[in-house]
Amino acid sequence: MFAAFFAAYAVLKDGVNSGPSGKDLFNLPYALIETFVLLFAALTSGIGSIFVHRRKRKRAITFFLITALLGLGFLSMEWIELSDWIQRGYSWKFSAFLSTFFTIIGTHAFHVFFAILWVFVFLIPLFFRQITDTDIRRLSCLRMFWQFIFIVWVCIFNIVYLIGAL
Amino acid sequence: MIDVSHKWNSSFKPLILGFIAAVILTIFSYLASSMLLIATLAVIECVVLLVTFLGLGLEAKPRWNLLAFFFMLAVTIILIGGSVWIMNHLNYNMMPMDMQMHKQMKGSL
Amino acid sequence: MFGRLTLEAFQHDWIEYAAGLSMVFGALATVILLTYFRLWKWLWKEWLTTVDHKKIGIMYIIVSFIMLFKGIFDAVMMRLQQVWSVGDSMGYITASHFQQVATAHGVTMIFFVGMGLMFGIINMILPLQIGARDVAFPALNSISFWLFTSGAMFILVSLIVGEFAGTGWTSYPPLSGLKYSPGVGVDYWLWTIQISGVGSLLSGINFFVTILKMRCPGMKLMRMPIFVWASFATMIMVMFAFPILTATLNMLTTDRLIDTKLFTTEAGGNPMMYINLIWAWGHPEVYILILPAFGIFSEVVAVFSEKRLFGYKTMVYAIFVITFLSFIVWLHHFFTMGSGASVNAFFGIMTMIIAVPTGVKVFNWLFTMFQGRVRLDTPMLWFLGFAIVFVLGGMTGVMMSIPAVDFQVHNTLFLVAHFHSVIIGGVVFGFFAGYSYWFPKFTGIMLNERIGKWAFGFWLSGFLLAFMPLYLLGFMGATRRLDHYEPQTGFFPLFAVAGVGAILICIGFGLQILQILVSIKENKKDLSGDPWNGRTLEWSTSSPPPHYNFAHIPEVHSIDPFWEMKKEPEMKKKPLHEIHMPSNTGVGVYLGALSFIFGFAMIWHMFWLAILSAIIMVGCLIARLYEKNTEYYISVEEIKRDA
């Protein structure tokens, strides 16, 4: 799915409608910080998952909560960046470039949102009982989800932000 | 479903390794100024993350995950590469241009 | 509060009223009958909430039959218009209505008949053939079915509330974009496919895992029936192709909903990118449709030739060559869009190559028949029909893989005849072969052979009469989706013949419905569980199988395991154990219903309702995750009672 979106981006990114391109809009240091926030989230989800396997309930909960918070931080940063553009008139309606940019970032952010939600969905029962095998399975999947989210972001950061700003 | 007994699953080392590698690669990518370099670093970073964080290629045989990954990679490259190739050709052939620009671009194919 | 839904949405012309009312009447009649016979509880418990793959498969087929009826009706309407609307006469429906019928016909047949029938059969047969008790994720299976049904509802509801898309089943922008189709039609189209597409993707994952992880002991990959291999490859294609569709439809949706400029003709958008992406999905999709049918034929030909399938290994390789190649031919759907010689040549050559593995399979089936004891029962007749019609269609496909030829016949009736040849000859005939072959297994009664053979005769002759003229018409210049033409073109006589063919097909379909009723009345029970002298594991169970499929999980030592088991009957009585089964769940029904509400709300811009239904859907998923009673045990006494 992301391949299809990236294909669309590759094709449409030059359709700027006499408006701004990536070079004009991207704040690279800001995007770098976003990248590190998400990288930490991928790391903490991995650490949390190891504690789940070792059935260390409190540490597992802690690290997955940190993951969720980092994810929220990431989303907030994106929200701030993008709403600033929208206020300046550069929303997805303006040009094909902006449309495809918002589509990729939006789809990714949508997945981050659900990853955060699912941290809470899986974590809440653990406040009340011990870790079961089902929990291990589910949290492993969630951890993989978080790590894939970061890998996709690496592609977005490099291809969309860095190369786009060259 | 997942090979829960895998030693890799219970060790922090690969995670830390992958994390540090990712930090370094990200910073290099940030500082790079050539498209090729950025793209290469991105690929390396993705591979490092896939192996250290997600354990791709470390499973016992039969290595279904690895096979699935390669198929996905193939489809991704075909889809993106193919689309760019096709759309570039379409854009060249179907775009209304004046004669000058047309002659200019004729060389690129 | 109602978004853009007004009373005007309920206004239609008399034909739409008639169709809509008869549909509502049919639904109402069903509801009344269920209430009168007090069958609601039974329906809910035994069918709607079931996670049993056999029942889910049957439900898929029932929904597909209903949609097949509708799709054939659409086809007859088109044939009628094309016979009527010549010269001064404008026919009986407007051009815009005709385009909606054409679009609905395509969507119905591909998504809700093709995909439905294939997924239905895979659901029914796959676990049995690999010696498993169910699929890997039974609840997900139910969810997939209900998403499928929910998707189908959109087409049906569009007949009453609003309109359907008039853009052709692939709905290209800019025609399908906001500017040129501001109404709800294209939105209906988007949500019907998007929602059922999610169902398909989930099934893809489900069956893929099932095949990899739930085979019975001894069933190595290279001992699996070819039908299982075909399903495996199909699921791989589903998993990789459907997300492309999701992304593409998503982009068209945002273009229409929030005014993105992805496929517009202005602000840098590029409608050709849509065409590129939709066919990057569309081509694997048609192989997704046909590969299970090939699998069915592999089963049928072997059993009805009483001979092991010829060339097992090459069959497997051919399947995977097709799988891979299906991802690198998609441009042949738009040779004429203008990508130039080098691009067209590459894709043309790839398309020609993909015919080769298919040819290998056809020859393998024929070699299986050679020196076998061929029994021309109905399933085998369907294979013979397939051999004629599909091969013809395939050959015309290779013709069109030459870009120069395609430039002449693209989007003419030649193309239409080609894909109907391969889809009807392949998918539909394949389904009917599987249907007549496996019907006794799942219902416990034999189908009336005589009516079956007559039905086949009508379908085959009907098909030939309906579509051979279309090849000629295509050469004569008749385009597809044509709702009017002048008599000087000389099209009329051929359209008239095609119309007769359509009527014959209707009779064939009618006979098949009759066949079900007669067979139920005759009640010729299949008591052995193996009426055809089968070769694979599903025939080792009773007809119908117990809901847990096998009292003992079989152990397999070769290809065609049941054939081997019959040669050396195992006499040792193995001890019975409790069987672990998944419980029924309503989550599928709820998600299906909510997805329908969500889609409907999005179509009519009732955003409060869309958000609400989305939140409740997530809530349902979370509730399901917290559900404790997801499994139960069948006692040994119960198993003994079934034996």
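This passage describes chain B of a predicted model, its interface with chain C, and one residue of chain C.

The secondary structure of chain B consists of 4 helices and 0 strands. Along the sequence, these elements follow the pattern α-α-α-α. Chain B contains 109 residues, of which 34% count as buried. The contacts within the chain were also considered by their separation in sequence. Among those in chain B that link residues at least 6 apart in sequence, 36% join residues at least 24 apart. The area exposed by chain B is about 6,700 Å², and 72% of this area is supplied by carbon and sulfur atoms.

A nonpolar patch of about 560 Å² is found on the surface of chain B. The residues that make this patch are B:I16, B:I20, B:I24, B:I27, B:F28 and B:L31. One of them, B:I27, is located in helix 1 of chain B, which spans residues 13-31. The relative accessibility of B:I27 is 34%; because buried means under 20% and exposed means over 50%, this residue counts as partly exposed.

Chain B also forms an interface with chain C. On the side of chain B, 18 residues take part in contacts, and these meet 29 residues of chain C. Between them, the two chains bury about 1,900 Å², with 84% of that area on carbon and sulfur atoms. Of the area that chain B buries against chain C, 28% is supplied by B:W64, B:F71 and B:I86, more than by any other three residues. As for polar features, 0 salt bridges are found across the interface of chain B and chain C. Polar contact across this interface is found for 2 residue pairs, both at pLDDT 80 or more.

In chain C, the residue C:I503 was examined individually. C:I503 is placed in helix 15 of chain C, a helix that comprises residues 492-522. With a relative accessibility of 51%, C:I503 counts as exposed, because this value lies over the 50% cut-off. The position of C:I503 was further compared with that of C:F304. These two residues are separated by 199 residues in sequence, and the distance between their C-alpha atoms is 30 Å.

Taken together, chain B is described by 4 helices, a nonpolar surface patch that includes B:I27, and an interface with chain C that buries about 1,900 Å².

Technical notes
Residues numbered from 1 in each chain as written. Chains lettered and ligands numbered in written order. Predicted model: local features only at pLDDT ≥ 70, side-chain atom pairs only at ≥ 80, totals over all residues. Heavy atoms only, no water. Patch = residues over 30% accessible without salt bridge, like charges linked within 9 Å, V, L, I, M, F, W, Y side chains within 5 Å. Areas by Shrake-Rupley, 256 points an atom, 1.4 Å probe, with all protein chains shown as cover. Salt bridge = Lys/Arg side-chain N within 4 Å of Asp/Glu carboxyl O. Helix = DSSP H or I, 4+ residues; strand = E, 2+ residues; numbered from the N terminus. Buried < 20%, exposed > 50% of the residue type's maximum accessible area, 1.4 Å probe, protein only. Contact = heavy atoms within 4.5 Å. Buried area = accessible area lost by both parts, 1.4 Å probe. Polar contact = N/O pair within 3.5 Å; in protein donor to acceptor, adjacent residues only side chain to side chain.
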